[in-house]
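Please study the sequence and the three-dimensional structure shown below. Then work through the exercises and compare each result with its solution.

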Amino acid sequence: MDYAAFIRERRAEILERVADAAKASGRSADAVTLVAVSKTVGIEEVADAYAAGYAVFAENRPQELKRKQQAALAYPELASVRWDMIGHLQTNKVKDVVGAVELIHSVDSLRLAEAIERRAERLGITVPILMEVNVAGEESKSGFSPEDARLHAEQVIELAHVSLKGLMCMAPAHDAAAARRAFSDLRELRDLLARDTGCQLDELSCGMSDDYALAIEEGSTMIRLGRTVFDPAYALQ
Ligand SMILES: *Cc1c(COP(=O)(O)O)cnc(C)c1O
């Protein structure tokens, strides 16, 4: 099977699982945005994914984002593609990302939110962001602790050129029960912050190739899929 056909067929299978999981949470599949994480593939694979129906792509490194966006200029059909940033962002890289992406999922400190604010103000734009929360308290992961998220949400919301849309997390790997707990903890934290601040915070960015069905069942509105979209060797979950 050629690669374009693989991406199309895999997408149909993913959409079926998304619809089933959305139904289990009393929602329609439209409530869930599929974000195709293109960090391990080239622009040709992105173009195939776009042709198959993916409209939102994400990168986790500023330099690779820039490289992809430059490569995309050779593909007129990719001009309208949405790019998101999903990886840890150092404050000195903020200038490369603000204005180049639609949504920054991975805002993991107040300092970073403030750096985004300064850059956005200079450009005269408002930048939609999510606060990344380390809900399971894993050493290896970045993100606000749940306590710090509660402590700082108000300050983030007060930034004039940053628009807080919701929360993001990465769940513990290889442990379905722990992943489900992380997703429901994220949703509960969102509900708490929404109540504390009076802001809607509609978006929950959680769920990856191994665990997106669980994430959707627990309320995810954006799933970030890398391997299952792009890697023929990845066994469908
Ligand atoms: C790589 C990556 C993903 C996608 O992971 P898969 O397991 O390949 O689906 C999602 N989110 C972030 C932040 C990533 O870095």
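The exercises that follow concern salt bridges and the surroundings of the ligand.

This is a predicted model, in which local features need pLDDT of at least 70 and side-chain atom pairs count only at pLDDT 80 or more, whereas totals for chains, interfaces and linings use all residues. Residues are numbered from 1 along each chain as its sequence is written, and side-chain values use heavy atoms, with hydrogens and water left out.

**Exercise 1.** Determine how many salt bridges the model contains.

*Solution.* Step 1: side chains of opposite charge can pair when their charged atoms come close. Step 2: a salt bridge is defined as a side-chain nitrogen of Lys or Arg within 4 Å of a carboxyl oxygen of Asp or Glu. Step 3: under this rule, the count is 12 salt bridges.

**Exercise 2.** Describe the salt bridge between R10 and E13, and state whether each residue is buried or exposed.

*Solution.* Step 1: the closest N and O atoms of R10 and E13 are 3.6 Å apart. Step 2: both residues belong to helix α1 (residues 3-24); because they are 3 residues apart there, about one helical turn separates them. Helices are DSSP runs (H or I, at least four residues), and strands are runs of E of at least two, numbered from the N terminus. Step 3: buried means under 20% relative accessible area, exposed over 50%, and partly exposed in between (1.4 Å probe, protein chains only). R10, at 8%, is buried, while E13, at 35%, is partly exposed.

**Exercise 3.** Find where in the chain the partners E217 and R180 lie.

*Solution.* Step 1: E217 and R180 form a salt bridge whose closest N and O atoms are 2.8 Å apart. Step 2: this pair links distant parts of the chain, with E217 in helix α8 (residues 212-217) and R180 in helix α7 (residues 176-197), 37 residues apart. Step 3: E217 is partly exposed at 31%, and R180 is partly exposed at 30%.

**Exercise 4.** Identify residues around the ligand and examine the contacts of K39, S209 and R224.

*Solution.* Step 1: the residues around the ligand, having a heavy atom within 4 Å of it, include V37, N60, I86 and R227. Step 2: for polar contacts, pairs of N or O atoms within 3.5 Å are sought. An oxygen atom of the ligand lies 2.8 Å from a side-chain N or O atom of K39, and an oxygen atom of the ligand lies 2.5 Å from such an atom of S209. A polar side-chain atom of R224 is 2.9 Å from a ligand nitrogen.

How values were computed
A polar contact is a pair of N or O atoms within 3.5 Å; within protein, one must be able to donate a hydrogen and the other to accept it, and residues adjacent in sequence count only if both atoms are side-chain atoms.
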